[in-house]
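User: I would like to learn how to read a structure like the one below. Please take me through it feature by feature.

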Amino acid sequence: MLIHRVIQGPMEDEDGNILCLCLVEDDGELYDDELYFETMLDAITFSHHFRMSIEPINLTTEGSDH
């Protein structure tokens, strides 16, 4: 699963979950999906990557638990 960019977020939903709405590629298909994080700092750190780089994040090789 490749994350191409953060569309919206980080944010907290009505249940208190921290998430980012992202553009995701999986098996050649692009779609918007919500990625959930343990903390707001984790979400901010994740989203900051896309402010500094256009490189997608491969969650299967990054070892991320998001």
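Analyst: Start with how much of the chain is covered. This is a predicted model, and of the 66 residues of the chain, 27% count as buried. The chain exposes about 4500 Å², and carbon and sulfur atoms supply 47% of that area.

User: Which elements does the chain have, and in what order do they run from the N terminus?

Analyst: There are two helices and four strands. Read from the N terminus, the order is β-β-β-α-β-α. The radius of gyration is 11 Å, close to the 11 Å that the globule rule gives for 66 residues, so the chain is as compact as a globular protein of that length. The C-alpha trace spans about 30 × 20 × 20 Å along its principal axes.

User: How should I read contacts that are far apart in sequence?

Analyst: Take the contacts between residues at least 6 apart in sequence; in this chain, 34% of them join residues at least 24 apart.

User: What should I look for in a helix such as H1?

Analyst: An α-helix has 3.6 residues a turn, so residues three or four places apart point the same way. Check the length, then the faces. Helix H1 covers residues 40-52, and its 13 residues should span 18 Å at 1.5 Å a residue; the end C-alpha atoms are 19 Å apart, which agrees.

User: Which residues of H1 are buried, and which are exposed on the other side?

Analyst: The buried ones are Ala43, Phe46, Ser47 and Phe50. Seen down the axis of H1, they fall within an arc of 90°, so they line one face of the helix. Leu41, Thr45, Arg51 and Met52 are exposed on the other side.

User: Serine 47 is in that buried set. What does Serine 47 touch?

Analyst: Serine 47 has a relative accessible area of 4%. Leaving out residues up to four places away in sequence, Serine 47 touches Val6, Pro10 and Cys20.

User: And how do I read a nonpolar core?

Analyst: In soluble globular proteins, nonpolar side chains tend to be buried together. Here the largest nonpolar core has 13 residues, and those with the most contacts inside it are Ile3, Cys22, Leu35, Phe37 and Phe46. Strand S1 (2-12), strand S2 (18-26), strand S3 (29-37) and H1 each supply at least two residues of this core. The largest share, four residues, comes from S2.

User: Which residues does Cysteine 22 touch?

Analyst: Not counting residues up to four places away in sequence, Cysteine 22 touches Ile3, Arg5, Val6, Ile7, Tyr31, Asp32, Asp33, Leu35 and Phe46.

Notes. Residues are numbered from 1 along each chain as its sequence is written. This is a predicted model: local features need pLDDT of at least 70, side-chain atom pairs count only at pLDDT 80 or more; totals for chains, interfaces and linings use all residues. Side-chain values use heavy atoms; hydrogens and water are left out. The radius of gyration is taken over C-alpha atoms; the globule rule is 2.2 Å times the number of residues to the power 0.38. Buried means under 20% relative accessible area, exposed over 50%, partly exposed in between (1.4 Å probe, protein chains only). Contact means heavy atoms within 4.5 Å. Accessible areas come from the Shrake-Rupley method with a 1.4 Å probe; for residues, only the protein chains shown count as cover. The expected span of a helix is 1.5 Å times one less than its number of residues. The arc is that of the directions from the helix axis to the C-beta atoms. A nonpolar core is a set of buried Ala, Val, Leu, Ile, Met, Phe, Trp, Tyr and Cys residues joined through side-chain atoms within 4.5 Å.
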